Amino acid sequence: MPKTTISVIKADVGSFPGHSRTHPKLIEKAAQMLKAERGKLLIDSFVTHCGDDLELIMTHNRGVDNKEIHKLAWNVFLECTKIAKDLKLYGAGQDLLADAFAGNIRGMGPGVAEMEFDERSSDPVLIFMADKTEPGAWNFYLYKIFADPFNTPGLIIDPALHDGFVFEVHDLVKKRKVRFSCPKEIYSMLAYIGAPSRYVIKHVYKKDGVIAAATSTQRLNMIAGRYVGKDDPVMIVRAQCGFPSMGEVIEPFTTPVLVAGWMRGSHHGPFMPVGLCDANCTRFDGPPRVICFGFQVSNGALIGPADMFDDPGFDRVRVRCNELADTLRAQGPFEPHRLSLEEMEYTTLPLVEKALEKRWEDIAE
Ligand code: F6R
Ligand code: MG
Ligand code: MG
């Protein structure tokens, strides 16, 4: 049995109204194009959206970073951009930062999370898709899922989890990576991942090297060298039988966590778990939100999805997120609702400051 690869590749190629949601015509086009590859490049596929981001979920046997798979995703985004331009959707083609496909879609704008594994006798997979935030948003949740026994009792009572997990952390500024073996090194790891704008968890592995989770870590502004909206990351997590259970994986999302993004990619806001019917950004272009689709992967076929946050069990966190949103919004343009000056470097604020630069006079000591 060949290994199965899951590739989740996403881009914002236009939305309506403003940066709110993807148009159904884009989803339809993408779904058709991927279905046409079934039995050829792909085993299976599913297309959805979170806010203004078009999400391509694909399974195949070609491994991660496969040129043909990435090219297919790029072509889907190009075709959808044509429709977005015809409809004059907002931000048509916004995340396609390169003129032509260059062999690997990483570094060209779209976000990519991929993993390859030997299928178990039954293989549940959860796919998280976010809008109006950045890749480091997953740090808190991955820590809770794979390293916190107060969230994941399996770390204590299941011998298959008791050894803990290895986290691969990327430094997005210095473009370097490091692995932390947890629980032994959780304090060292937290020294970094507590700063999610720079340090992001890219992969989580079992101690024997088997992949457990993968995230997208593309930062649009770092690729483009200018502000082009937030990166709106995706994440793949395997569950059950040697991994945290499905319920242990989604439990951390009952905590209202503040993330960077929201309006103009410049504000902290609560990260709200929602069902697909609520995966549309409205209030203050947000709040930042996340959907989770659950599948059983069966010889590469995607059995599902189950809309995991479409559950009254998540109603209370949604209420608490709205309360936090009210508290933060009352602060208007003041930090810490607005991001720190260092993070604002990646927004349009420096352009405003440049125009005001000559007005400043030195203060005599
Ligand atoms: C956030 C986002 C929106 C826009 C805002 C202004 O990621 O995409 O909040 O930043 O709507 O958009 P423009 O500058 O296109 O008018
Ligand atoms: Mg947009
Ligand atoms: Mg978006």
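## Around ligand 1

In this structure, a polar atom in the side chain of Tyr-90 sits 2.8 Å from an oxygen atom of ligand 1. Please keep in mind as you look around that this is a predicted model. Two further polar partners of ligand 1 are worth finding. A polar backbone atom of Arg-264 is 2.9 Å from an oxygen atom of the ligand, and the side chain of Asp-285 places an N or O atom 2.5 Å from a ligand oxygen. On its own, ligand 1 would expose 410 Å², and the protein buries 74% of that area.

If you would like to trace the surroundings of ligand 1, look for His-19, Tyr-90, Lys-132, Tyr-227 and Lys-230, along with Trp-262, Met-263, Arg-264, Gly-265 and Asp-285. His-19 is a good one to remember, as this residue also appears among the protein donors of the magnesium ion (ligand 2).

## The magnesium ion (ligand 2)

Three protein residues hold this ion: Asp-12 through OD, His-19 through ND1 and Asp-52 through OD, at 1.9 to 2.3 Å. Written as a pattern along the sequence, these donors read D-x6-H-x32-D. His-19 belongs to the loop between strand S1 (4-11) and helix H1 (24-35), while Asp-52 belongs to the loop between strands S2 (44-50) and S3 (53-60), so the pair ties together parts that are 33 residues apart in sequence.

Are these two residues buried or partly exposed? His-19 is partly exposed, because its relative accessibility is 28%. Asp-52 is buried, with a relative accessible area of 2%.

## The magnesium ion (ligand 3)

Now move to the other magnesium ion, ligand 3. Its coordinating residues are Asp-52, Asp-53, Asp-131 and Asp-232, each through OD, at 2.0 to 2.1 Å. Their spacing along the chain is D-D-x77-D-x100-D. Asp-53 is buried, at 0% relative accessibility.

Which residue bridges the two magnesium ions, ligand 3 and ligand 2? That role falls to Asp-52, and the ions lie 4.9 Å apart.

## Two buried residues to visit

Ile-57 is part of strand S3. With 0% relative accessibility, Ile-57 counts as buried. Beyond its neighbours within four places in sequence, Ile-57 is in contact with Ser-7, Val-8, Asp-44, Ser-45, Phe-46, Ile-127, Met-129, Phe-295 and Leu-302. Met-1 is 56 residues away from Ile-57 along the chain, and their C-alpha atoms are separated by 21 Å.

Asn-280 is found in the loop between strand S13 (272-273) and strand S14 (289-298). Its relative accessibility of 15% makes Asn-280 buried. A polar atom of the Asn-280 side chain lies 3.5 Å from the backbone oxygen of Cys-277. Setting aside neighbours within four places in sequence, the contacts of Asn-280 are Ser-20, Arg-21, His-49, Gly-51 and Arg-289.

## The nonpolar cores

In soluble globular proteins, nonpolar side chains tend to be buried together. Here, the largest nonpolar core has 67 residues, and the members that touch the most others are Phe-128, Leu-142, Phe-146, Phe-167 and Phe-253. Helix H3 (residues 138-147) gives the largest share of this core, seven residues.

Leu-142 makes a handy starting point for exploring. Apart from its neighbours within four places in sequence, Leu-142 is in contact with Ala-147, Phe-167, Ile-201, Val-204, Ala-213, Thr-215, Met-235 and Val-237. There is also a second, separate core of 28 residues, with Ala-11, Val-76, Ala-84 and Val-112 among them.

How values were computed: Residues numbered from 1 in each chain as written. Chains lettered and ligands numbered in written order. Predicted model: local features only at pLDDT ≥ 70, side-chain atom pairs only at ≥ 80, totals over all residues. Heavy atoms only, no water. Donors = N, O, S within 2.8 Å, 3.2 Å for Na, K, Ca; no water. Helix = DSSP H or I, 4+ residues; strand = E, 2+ residues; numbered from the N terminus. Buried < 20%, exposed > 50% of the residue type's maximum accessible area, 1.4 Å probe, protein only. Contact = heavy atoms within 4.5 Å. Polar contact = N/O pair within 3.5 Å; in protein donor to acceptor, adjacent residues only side chain to side chain. Near = heavy atom within 4 Å. Areas by Shrake-Rupley, 256 points an atom, 1.4 Å probe, with all protein chains shown as cover. Core = buried A, V, L, I, M, F, W, Y, C linked by side-chain atoms within 4.5 Å.
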